[in-house]
Amino acid sequence: MNLNPFWSMSTNTGRKRSDSEEQSGLQSSEQLQRASPSRPSFGKKQLPSIPKNTVPITKPASPAAAAQMVNGTHASYGPFYLEYSLLAEFTLVIKQKLPGIYVQPSYKSALMWFGVIFIRHGLYQDGVFKFTVYIPDNYPDGECPRVVFDIPVFHPLVDPVSGELDVRRAFTKWRRNHNHIWQVLMYARTVFYKINTMEPLNPEAAVLYDKDVQLFKSKVVDSVKLCNSHLFDQPKIDDPYAISFSPWNPAVHDEAKERMFSHKRRPEDHHKGLQVSGLSWVKPGSTQPFSKDENPS
């Protein structure tokens with residue numbers, strides 16, 4: 001009978017066993033092997049196995065074949081890597097806490113994000129602009145994501161027909177691990193506060209801003225009113241995660257408003273941003289700060 005290496009090693013060390021002891025030991029070992037389930041391997045976590053019909057790529061013979069390899073990652077792992085990258089990007093967006101910007105990935109595709117920008121001051125004050133972010137399917141190795149407004153905003157850098165914002169001027173070449181989607185969102189907000197008329201997508205808006213600011217302001221006001229008038233329209237894309245607004249309904253919104261205003265700070269937040277009352281000056285010629293008398297006479 002062939003013994004496994006570990007068993008052979010243990011029988012060769014120490015005293016020599018009798019034939020009866022050896023036989024009983026072998027029987028016990030065989031019974032344990034039949035009764036005990038196989039132990040799972042607790043090695044390092046690995047990616048899912050490569051599909052059977054996929055042939056590992058060693059040396060791509062053409063640019064088309066080279067495209068199947070992304071940074072040394074097998075093409076079959078592409079969807080997993082893309083999903084991880086987009087999840088990391090959305091986590092960064094949350095951590096940045098971008099002012100006046102809200103985004104939500106699509107339910108149907110992680111490559112499409114719905115968003116809205118609230119403009120608080122400036123020429124586009126009170127503007128509420130809904131938009132969609134389109135992310136390349138080879139992200140983060142492709143071109144920069146695209147930003148398209150639901151309704152074209154009157155702006156030098158927004159296409160008056162498609163509503164697409166000129167993002168490429170800020171990200172001429174998308175660099176992985178350096179550029180991030182939150183930067184694109186921040187850029188989309190900044191263009192409404194700092195107007196740039198160089199190489200515009202809307203030449204009319206650029207000319208008016210440079211030569212007739214009052215007429216430009218008038219058209220901006222009309223554009224803001226137009227966008228806000230369609231604020232309660234149903235989303236253009238049928239998706240349960242698309243951002244939509246509804247008119248104020250006291251039966252629905254009053255309770256939520258009351259909860260927000262009555263929210264109590266956590267104990268550790270009590271002293272954050274609050275002025276501390278009491279005496280903060282020192283008596284001349286002394287190093288002891290003044291304090292209130294605990295036991296006034």
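A salt bridge is a side-chain nitrogen of Lys or Arg within 4 Å of a carboxyl oxygen of Asp or Glu. I noted this cut-off before I turned to Asp239 in this predicted model.

**Entry 1: Asp239**

I first looked up the position of Asp239, and I found the residue in the loop between α7 (213-229) and α8 (250-261). Which side chain of opposite charge is nearest to Asp239? I found Lys108, 5.4 Å away. Asp239 has no salt bridge, although the residue is buried. I then checked for a polar partner: the side chain of Asp239 makes a polar contact with the side chain of Ser106, at 2.5 Å. Setting aside the neighbours within four places in sequence, I listed Ser106, Tyr107, Lys108 and Phe114 as the residues in contact with Asp239.

**Entry 2: Helix α7**

I next examined α7, the helix that precedes this loop. The helix has 17 residues, and I recorded 24 Å from its first C-alpha to its last, close to the 24 Å expected at 1.5 Å a residue. Which residues of α7 are buried? I recorded Phe216, Val220, Ser223, Val224 and Cys227. Viewed down the axis of α7, these buried residues fall within an arc of 100 degrees, so they line one face of the helix. I noted that they pack against β3 (128-134) and α6 (203-211). On the other side of α7, I found Gln214 and Lys225 exposed.

**Entry 3: Backbone in the loops**

I then turned to the backbone. The peptide bond from Tyr139 to Pro140 is cis, and I noted an omega near 5 degrees. I located Pro140 in the loop between β3 and β4 (146-149).

I also looked up two residues with positive phi that are not glycine. For Asp126, phi is near 75 degrees; this residue sits in the loop between β2 (112-118) and β3. For Glu199, phi is about 50 degrees, and its place is in the loop between α5 (181-190) and α6. Are these residues buried or exposed? Asp126 is exposed, with a relative accessible area of 53%, and Glu199 is exposed as well, at 69%.

**Entry 4: The whole chain**

Finally, I considered the chain as a whole. I counted 8 helices and 4 strands. From the N terminus on, I read the order of elements as α-α-α-α-β-β-β-β-α-α-α-α. Of the 297 residues in the chain, 28% are buried. Among contacts between residues at least 6 apart in sequence, I noted that 52% join residues at least 24 apart.

Note on methods: Residues numbered from 1 in each chain as written. Predicted model: local features only at pLDDT ≥ 70, side-chain atom pairs only at ≥ 80, totals over all residues. Heavy atoms only, no water. Helix = DSSP H or I, 4+ residues; strand = E, 2+ residues; numbered from the N terminus. Buried < 20%, exposed > 50% of the residue type's maximum accessible area, 1.4 Å probe, protein only. Lys, Arg positive; Asp, Glu negative; His and termini not counted. Polar contact = N/O pair within 3.5 Å; in protein donor to acceptor, adjacent residues only side chain to side chain. Contact = heavy atoms within 4.5 Å. Expected span 1.5 Å × (residues − 1). Arc of directions from axis to C-beta.
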